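Subject: Structure handover

Hello,

Here is the structure for you to take over. My notes follow below it.

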Amino acid sequence: MTPAAVTRATGTGGTHEGTGGAHDGPAHTTRTPPADATASITGPPASLDRCRALVRPALADAVGRLHPWPGEMAAFSLGWSDTGGTPAPGASEGKGIRQALAVLAAEACGAPGRSAVPGAVAVELVHAFSLLHDDIMDGDETRRQRQTVWKAYGTGPAVLAGDGLLAIAMETLAETPGAGGGTAVLRLSGTLTLLVRGQAEDLLFADRPWTGPDAVRTDAYRTMAEHKTGSLLGCAAALGALLAGAPDRTVCALDRAGRHLGVAFQAVDDLLGIWGDPARTGKPVHGDLRQRKKTYPVIAALASNGPAAGELAALLSSPYPPDDATAARAAELIEAAGGRTATLTEAHHHLDAARACLHGMALAPDAVDEIEELLDYLALRTV
């Protein structure tokens, strides 16, 4: 897809840290969400559309620098077009959470949101790259209620498109004017190392037993989630602060906030993978159970060691793929064993830890309010 076509289609180091909730600055009062995750979530915050509108032109320009064929696939993956490059105004473009975090972090540090645009473009492209490759590794055929890129174009072309997205992400950040560009590239490079570590951990979980000394525990899963999901969210917020000229202490605090959000986001995503409404998630009900994924609700339920956990372990250990009835029974057992409640508790804990990072710094109150609204919406979506 050429740059002009893209514009038409769019309409314009591996150390585990930060999950303990430590933060700089004084104590504060957290607004703990209700036990029912759906109680206070009414819709996407306005900040998502505002930040998307700010970042979109630069994002389209970056994708337009690709060769037309991987550019077409990139536009398809971003929800801008159908296969063949035809604009698809009704397709989902995703939430735009990472670009929004970058912009809001810059504003929280007292700079205009446009100062964070190169960082916002870079993290959005890295996220798109990771989804293309993740879908191949997981064998997922649909995303956002459409075919995945590998399913629509083939595995080799999808790998190529993902590689192209990663390349222009690094190029975009490296071209950032001013002294912060080099530091920003180093931070994004370190984040990519963590993303690979998290994906490796996640893939290796599949070969570990459901029970016994080698079973996956919640602490190991939490570390994986921080690496795979939290690291890029933390990087987005950190890049926004860095490009705004904030001091290192503030950059690191916003990085930690994003990492906590990532763990909370992954926890709720795991709930959606079992109990989510297919009309909203684009995934089949009990989909993660049919694929025997070792997600947080399952791991927490098995750790309870009660009768429900024993029956659940037996179901999951069967050599036969779960049918509809088996998957439904497994979901009942997970809830009975406390897996659903434990996962919501995990999400709430990391949301509070993210807020602690925000309130421990001298940040612009209005921007912090927008970030907190984003935290609640993203981490406590309808389940």
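**Confidence**

Over residues 1–40, pLDDT stays under 50, and the model has 89 contacts beyond four places in sequence for that stretch. This is a predicted model. The protein chain averages a pLDDT of 88. At least 70 is the score reached by 88% of the residues.

**Cysteines**

There are zero disulfides in the structure. Two cysteines are worth a line each. C51 has 0% relative accessibility, so C51 counts as buried. C357 is at 2% relative accessibility and therefore also counts as buried.

**Salt bridges**

Searching the whole structure turns up 22 salt bridges. Side chains of opposite charge can pair when their charged atoms come close. I picked out three pairs.

Start with R259 and D255. They form a salt bridge, with the closest N and O atoms 3.3 Å apart. Both residues sit in helix α10, which covers residues 248–275. They are four residues apart there, about one turn of the helix. Both R259 and D255 are buried. The pair also belongs to a wider set: R187, E226, D255 and R259 are linked in a network of salt bridges.

Next, R290 and D324. Their side chains meet in a salt bridge at 2.5 Å, N to O. This pair links distant parts of the chain, 34 residues apart. R290 is in helix α12 (residues 287–290), while D324 is in helix α15 (residues 324–336). With 29% relative accessibility, R290 counts as partly exposed. D324 has a relative accessible area of 53%, so D324 is exposed.

Last, R355 and D352. The salt bridge between their side chains is 2.9 Å, N to O. Both are in helix α16 (residues 339–359). They are separated by about one helical turn, because they are three residues apart in that helix. R355 has a relative accessible area of 1%, so R355 is buried. D352 is at 17% relative accessibility; the limit for buried is under 20%, so D352 counts as buried too.

**The largest cavity**

What is the volume of the largest cavity? About 190 Å³. Its lining is made up of 17 residues. Of these, F76, S77, L78, R143 and R144 lie nearest the centre of the cavity.

Which elements supply the lining of the largest cavity? At least two residues each come from α3 (68–77), α5 (117–138) and β2 (146–147). Helix α5 gives the most, with six residues.

**Loops**

Three loop residues deserve a look.

P284 lies in the loop between α11 (278–281) and α12. At 53% relative accessibility, over the 50% limit, P284 counts as exposed. Leaving aside neighbours within four places in sequence, P284 is in contact with P278 and R290. R290 is the arginine that bridges to D324. P284 and G273 are 8.1 Å apart in space, C-alpha to C-alpha, and eleven residues apart in sequence.

R292 is in the loop between α12 and α13 (296–302). Its phi is positive, about 55°, although R292 is not a glycine. Is R292 buried, exposed or partly exposed? R292 has 25% relative accessibility, so it counts as partly exposed.

N305 is in the loop between α13 and α14 (307–316). N305 is not a glycine either, yet it has a positive phi of about 65°. The relative accessible area of N305 is 67%, so N305 is exposed.

**Where to look**

For a quick tour, begin at helix α10, where R259 and D255 lie. Go on to the R290 and D324 salt bridge, which links distant parts of the chain. Then turn to the lining of the largest cavity, where α5 gives the most residues. Finish with the positive phi values at R292 and N305. Keep residues 1–40 in mind throughout, as pLDDT stays under 50 there.

Best wishes

Key: Residues are numbered from 1 along each chain as its sequence is written. This is a predicted model: local features need pLDDT of at least 70, side-chain atom pairs count only at pLDDT 80 or more; totals for chains, interfaces and linings use all residues. Side-chain values use heavy atoms; hydrogens and water are left out. A disulfide is a pair of cysteine sulfur atoms within 2.5 Å. Buried means under 20% relative accessible area, exposed over 50%, partly exposed in between (1.4 Å probe, protein chains only). A salt bridge is a side-chain nitrogen of Lys or Arg within 4 Å of a carboxyl oxygen of Asp or Glu. pLDDT is the predictor's confidence in each residue, from 0 to 100. Contact means heavy atoms within 4.5 Å. On a 1 Å grid over the protein atoms alone, a cavity is a set of points where a 1.4 Å probe fits but cannot get out, and a pocket is an open set with protein on both sides within 12 Å along at least five of seven lines; lining residues have an atom within 4 Å of a point. Grid points are joined across faces, edges and corners, and a volume is the space filled by probe spheres set on the points.
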